[in-house]
Amino acid sequence: MVKNIKRIALVLFCIYVIAVTLLCVIQTDNIPELPKTFLGIPMDKVAHFVMFCPFVILGYSAFYPTHKALWRKIAVICILTVLGCVFAFATERLQALTSYRSCEIKDMAADGIGIFTGAMTALITQLARYK
């Protein structure tokens with residue numbers, strides 16, 4: 001049963017990574033105009049936060065360590081956080097290679113904040129479950 005759940009989680013994680021990559025490199029000229037800000041935060045930064053927040057949570061579901069040691073679970077969360085930051089950097093660099101998107105430090109910061117939020121969510125969840 002656990003293997004089936006991990007397989008489904010891995011498939012969902014892969015679909016998520018592909019979807020985020022595509023969203024980061026597609027041309028957005030034909031997408032309807034969104035409000036410029038949300039609670040005073042530029043909407044594109046909110047979108048980056050929302051896109052990258054699930055990275056660690058979905059990755060942790062896919063690569064959940066079956067060993068009961070808490071340090072292993074924390075290690076997986078830390079590794080996924082680093083991989084998420086590498087992924088965020090890679091998507092920004094991909095955007096720089098297109099003529100219709102740009103690579104922005106503030107986008108990477110929003111990505112990183114989203115990844116960190118997802119990591120903290122996964123960590124707090126595991127610490128609450130640990131007995």
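The following is a chat about a predicted model of a protein chain.

Trainee: What elements does the protein chain have, and in what order do they run from the N terminus on?

Mentor: This is a predicted model, and in it the protein chain has 5 helices and 2 strands, running α-β-β-α-α-α-α from the N terminus on.

Trainee: How much of the protein chain is buried?

Mentor: Buried residues account for 32% of the 131 residues in the protein chain, while the area that the chain exposes comes to about 8600 Å², with carbon and sulfur atoms supplying 73% of that area.

Trainee: Of the contacts between residues at least 6 apart in sequence, what share join residues at least 24 apart?

Mentor: That share is 74% in the protein chain.

Trainee: Switching to helix α2, where is His 48 found, and is it buried or exposed?

Mentor: His 48 is found in helix α2, which covers residues 43-52, and because its relative accessibility is 5%, under the 20% cut-off, His 48 counts as buried.

Trainee: Which residues does His 48 touch?

Mentor: Not counting residues up to four places away in sequence, His 48 touches Glu 92, Gln 95, Asp 107, Ala 110 and Asp 111; with Asp 111, the side chain of His 48 also makes a polar contact of 2.8 Å.

Trainee: And Phe 49, what is it in contact with?

Mentor: Phe 49 also lies in helix α2, and, leaving aside neighbours within four places in sequence, Phe 49 is in contact with Ala 110, Ile 113, Gly 114 and Thr 117. Its C-alpha atom is separated by 6.6 Å from that of Ile 113, although the two residues are 64 residues apart along the chain.

Trainee: Why does Phe 49 count as partly exposed?

Mentor: Phe 49 has a relative accessible area of 29%, so it falls between the 20% limit for buried and the 50% limit for exposed.

Trainee: New topic: how do the axes of helix α3 and helix α5 cross?

Mentor: The axes of helix α3 (residues 54-62) and helix α5 (residues 105-129) come within 6 Å and cross at roughly 45°, and α3 and α5 are therefore oblique to each other.

Trainee: Which residues make that contact, and how do they split by class?

Mentor: From α3 the contact is made by Val 56, Ile 57 and Tyr 60, and from α5 by Ile 115, Gly 118, Ala 119, Thr 121, Ala 122 and Gln 126. By class, the contact of α3 with α5 has 6 nonpolar and 3 polar residues, and no charged residues.

Methods:
Residues numbered from 1 in each chain as written. Predicted model: local features only at pLDDT ≥ 70, side-chain atom pairs only at ≥ 80, totals over all residues. Heavy atoms only, no water. Axes fitted to C-alpha atoms, helices over the stretch in contact; angles between N-to-C directions. Helix = DSSP H or I, 4+ residues; strand = E, 2+ residues; numbered from the N terminus. Parallel < 35°, antiparallel > 145°, perpendicular 65-115°, else oblique. Contact = heavy atoms within 4.5 Å. Nonpolar A, V, L, I, M, F, W, Y, C, P; charged D, E, K, R; others polar. Buried < 20%, exposed > 50% of the residue type's maximum accessible area, 1.4 Å probe, protein only. Areas by Shrake-Rupley, 256 points an atom, 1.4 Å probe, with all protein chains shown as cover. Polar contact = N/O pair within 3.5 Å; in protein donor to acceptor, adjacent residues only side chain to side chain.
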